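Open the model in your viewer and keep the selection tool ready. The tour goes from one pair of helices to the whole assembly, stop by stop.

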Amino acid sequence: MTVPAQLDRRFREAAAYEGLLDVGFDVVDSPVGALLLAATPRGVCRISYDADPEAQAERLARVYGPRVLRAPRAVDGAKRELDEYFHGRREAFDLSVDLTGAAEFTRDVLRELARVPFGEVTTYGQLAARVGRPRAARAVGTVMNRNPIPIVLPCHRVVGSTGSLVGYAGGLDRKEQLLKLEGARLF
Amino acid sequence: MDTVRLPPFERFYEENRDPVYAHLRRVVGAGAADDAFQETFLRALRGYPKLRHGEHLRAWVFTIAARVAIDLGRRAKPTVELVEELGVSDSRPAYAELEHLAGELPGKERAAVILRYGYDLSYADIAVALDSSEDAARQAASSGVRRLRRNLT
């Protein structure tokens with residue numbers, strides 16, 4: 001006997017509502033493909049282009065605790081803001097993010113990254129300089145590549161010193177698509 | 001110490017929701033099954049981080065479901081019968097050995113003895129399953145064992 005879909009939804013809703021989850025997640029459609037969104041009680045902790053819920057749930061459980069459940073309610077805010085972003089109605093995100101487990105350098109870089117404005121680009125070297133490590137462009141590249149919350153933390157706005165896109169964990173096509181959506185002028 | 005890691009709750013839930021739902025429909029009836037189902041998995045969610053390993057989760061959640069059914073007070077089946085169904089859902093040699101011995105114990109003692117010695121759950125886990133304190137779980141198991149000894153001699 002299978003649990004009725006409505007009851008299943010009701011339980012997932014109640015679990016999030018009662019604040020019993022370490023992480024709630026959901027998979028949503030977007031113009032750049034399916035996205036897995038995950039949030040802790042402190043904020044959004046993951047946006048992944050790899051929307052395989054099973055593998056992601058394992059990974060999230062290791063970092064944040066075992067109470068990981070697919071619970072759309074937990075990522076309602078993120079879903080709404082992303083939707084507005086993709087429809088050209090939002091340029092900056094108001095979401096809080098949870099960077100538990102990230103090293104200090106990573107946090108510093110991601111915090112600086114969050115300040116790069118909509119529609120503009122910066123380079124790995126400039127970002128490195130802004131966190132006071134002008135020679136750490138390569139390390140900044142590694143942080144971008146492992147960015148746990150792409151789009152909201154806009155690593156797509158970071159390009160090479162010659163203006164080439166260089167790379168993107170979600171694939172260069174997506175990087176280009178996001179920059180186009182923002183109307184960024186590449187030099 | 002056992003080091004079997006707890007699976008993400010999502011996986012535990014997906015693996016157990018259908019059998020637990022079917023079980024609750026039988027025990028409390030279609031009318032009350034939905035509420036019992038939700039309460040069972042909310043209790044499981046509350047207790048989940050206290051579990052020390054990922055073994056016998058099926059037995060664990062069925063015990064919670066049994067408590068919920070009793071608490072609902074609808075067609076409450078005694079724990080004795082509910083624990084019997086554990087043997088069906090998660091057969092284990094140790095359980096089979098214990099079954100005929102523990103058969104005459106009162107419900108709560110029987111559940112505690114079987115979960116402790118048949119399934120090797122910790123008292124903390126048994127407490128969550130029986131919705132009692134860890135001390136009460138330990139006490140139920142030990143008075144169950146004492147009673148077994150008396151019965152055997």
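Select helix H1 (residues 9–28) and helix H2 (residues 30–47) of chain B. Phe9(B), Tyr13(B), Val20(B), Tyr21(B), Leu24(B), Arg25(B) and Val28(B) in H1(B) meet a set from H2(B). That set is Ala30(B), Ala32(B), Ala33(B), Ala36(B), Phe37(B), Thr40(B), Phe41(B) and Leu45(B). Residues are in contact when their C-beta atoms, placed from the backbone, lie within 7 Å. Helices (H or I, at least four residues) and strands (E, at least two) are DSSP runs, numbered from the N terminus.

Color the contact by residue class. It holds 13 nonpolar residues, 1 polar and 1 charged. Nonpolar means Ala, Val, Leu, Ile, Met, Phe, Trp, Tyr, Cys or Pro; charged means Asp, Glu, Lys or Arg; the others, Gly among them, are polar.

Now look at the axes. Those of H1(B) and H2(B) come within 9 Å and cross at roughly 145°. Axes are lines fitted to C-alpha atoms, for helices over the stretch in contact, and angles run from 0 to 180 degrees between N-to-C directions. The crossing of H1(B) and H2(B) is right-handed. A crossing is right-handed if the near helix is turned clockwise from the far one by less than a right angle, left-handed if anticlockwise.

A note on what you are viewing: this is a predicted model, where local features need pLDDT of at least 70, side-chain atom pairs count only at pLDDT 80 or more, and totals for chains, interfaces and linings use all residues. Residues are numbered from 1 along each chain as its sequence is written, and chains are lettered from A and ligands numbered from 1 in the order in which they are written.

Keep H1(B) and add helix H3 (residues 57–72) of chain B. These two pack at about 35°, axes 10 Å apart. H1(B) passes H3(B) in a right-handed crossing. On H1(B), the contact residues include Phe12(B), Asn16(B) and His23(B). On H3(B), look for Leu57(B), Arg58(B) and Phe62(B), among others. The contact of H1(B) with H3(B) has 11 nonpolar, 2 polar and 1 charged.

Next, show both chains. How many residues of chain A are in contact with chain B? There are 20, against 20 residues of chain B. Helix H1 (5–17), helix H2 (53–64) and strand S4 (68–70) of chain A each supply at least two residues of this side. H1(A) gives the most, with 6 residues. The side of chain A that touches chain B has 12 nonpolar, 2 polar and 6 charged residues.

Hide chain B. Chain A has 7 helices and 6 strands. Its radius of gyration, taken over C-alpha atoms, is 17 Å, close to the 16 Å that the globule rule gives for 187 residues, so chain A is as compact as a globular protein of that length. The rule is 2.2 Å times the number of residues to the power 0.38.

Split chain A into domain 1 (5–86) and domain 2 (104–181). The bounds come from an automatic or database domain assignment. The C-alpha centres of the two domains lie 24 Å apart. 7 residues of domain 1 are in contact with 9 residues of domain 2. Strand S3 (residues 43–48) of chain A gives the most to the domain 1 side, with 4 residues.

Last stop: Gly163(A), in the loop between strand S6 (158–159) and helix H7 (172–181) of chain A.

Key. Two residues are in contact if their C-beta atoms, placed from the backbone, lie within 7 Å.
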